[in-house]
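Here is a short walk through one protein structure. Keep the sequence and the 3D view side by side as you read.

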Amino acid sequence: MSVELSFTVNGEPAEVRVEPDARLVDVLRDALGLLGTKEGCGNGECGACTVNVDRRAVCSCLLPALEVQGLEVLTVEGLVGPGGDLSGLQQAFVDCGGVQCGFCTPGMVMSAHALLQRNDSPSEGEIRNALTGNLCRCTGYAQIIESVQDAASRLRAKAGKGGSRG
């Protein structure tokens, strides 16, 4: 017996019929065609399925879809700007080599996005902590940390803020 689910995804209203036990990752990928959200482990261990729900990074493979009723969900596709321009965060991942094979990248980007929404000057330790639940099999962690630092710098420059915190 399916039920109606209404929420906002990437700034647009979404209404889909889902089974009561549907996971958010499946609704995003299968019902809405948002394939940027990856499923790696299905157990919340790898972070490839990370999306932002009401500005918090969550593993969509663990989240029952019905729990996003009325909430705002942001996927990696929602970061892309008008005309397909990458966000500053996405571009920093490209420029700094934070994109290796690319499988973990959407989850890494969404975890970093949630961090930068609340802190535009994170320390390396704060970045590492925010990315703790995201695994990279290509061992690109140094470039990923650098990518988030670069994105934070871009964010501060866009906001007209100087300086950085260690």
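Start on the surface of this predicted model. Val80, Leu86, Val94 and Val99 make up a nonpolar patch there. Together they offer about 280 Å² of accessible area. Take valine 80 from this group. Its place is the loop between strand E5 (72-74) and helix H2 (88-95). Valine 80 counts as partly exposed, because its relative accessibility is 32%.

Now turn to the sheet. It is open and has 5 strands, in the order E2-E1-E5-E3-E4, with mixed pairing. Strand E2 (12-18) and strand E4 (56-59) stand at the edges. Each has a single partner strand, so one side of each lacks a neighbour in the sheet. On average, neighbouring strands of this sheet are turned by 40° against each other, direction ignored.

Look at one pair in detail. Strands of a sheet pair through backbone hydrogen bonds, in either a parallel or an antiparallel way. Strand E1 (residues 3-9) and E2 run antiparallel, and 7 bridges join them. One residue pair to find is leucine 5 with its bridge partner in E2, valine 16.

Finish with the cysteines. How many disulfides are there? The count is 0, with sulfur atoms required to lie within 2.5 Å of each other. Cysteine 41 is in no disulfide: the nearest cysteine sulfur belongs to cysteine 46 and is 3.8 Å away. That distance fails the cut-off, because a disulfide needs its two sulfur atoms within 2.5 Å. Cysteine 46 is likewise in no disulfide. Are these residues buried or exposed? Cysteine 46 is buried, with a relative accessible area of 15%. Cysteine 41 counts as partly exposed, at 31% relative accessibility.

Terms used. Residues numbered from 1 in each chain as written. Predicted model: local features only at pLDDT ≥ 70, side-chain atom pairs only at ≥ 80, totals over all residues. Heavy atoms only, no water. Patch = residues over 30% accessible without salt bridge, like charges linked within 9 Å, V, L, I, M, F, W, Y side chains within 5 Å. Areas by Shrake-Rupley, 256 points an atom, 1.4 Å probe, with all protein chains shown as cover. Salt bridge = Lys/Arg side-chain N within 4 Å of Asp/Glu carboxyl O. Helix = DSSP H or I, 4+ residues; strand = E, 2+ residues; numbered from the N terminus. Buried < 20%, exposed > 50% of the residue type's maximum accessible area, 1.4 Å probe, protein only. Pairing = 2+ DSSP bridges. Axes fitted to C-alpha atoms, helices over the stretch in contact; angles between N-to-C directions.
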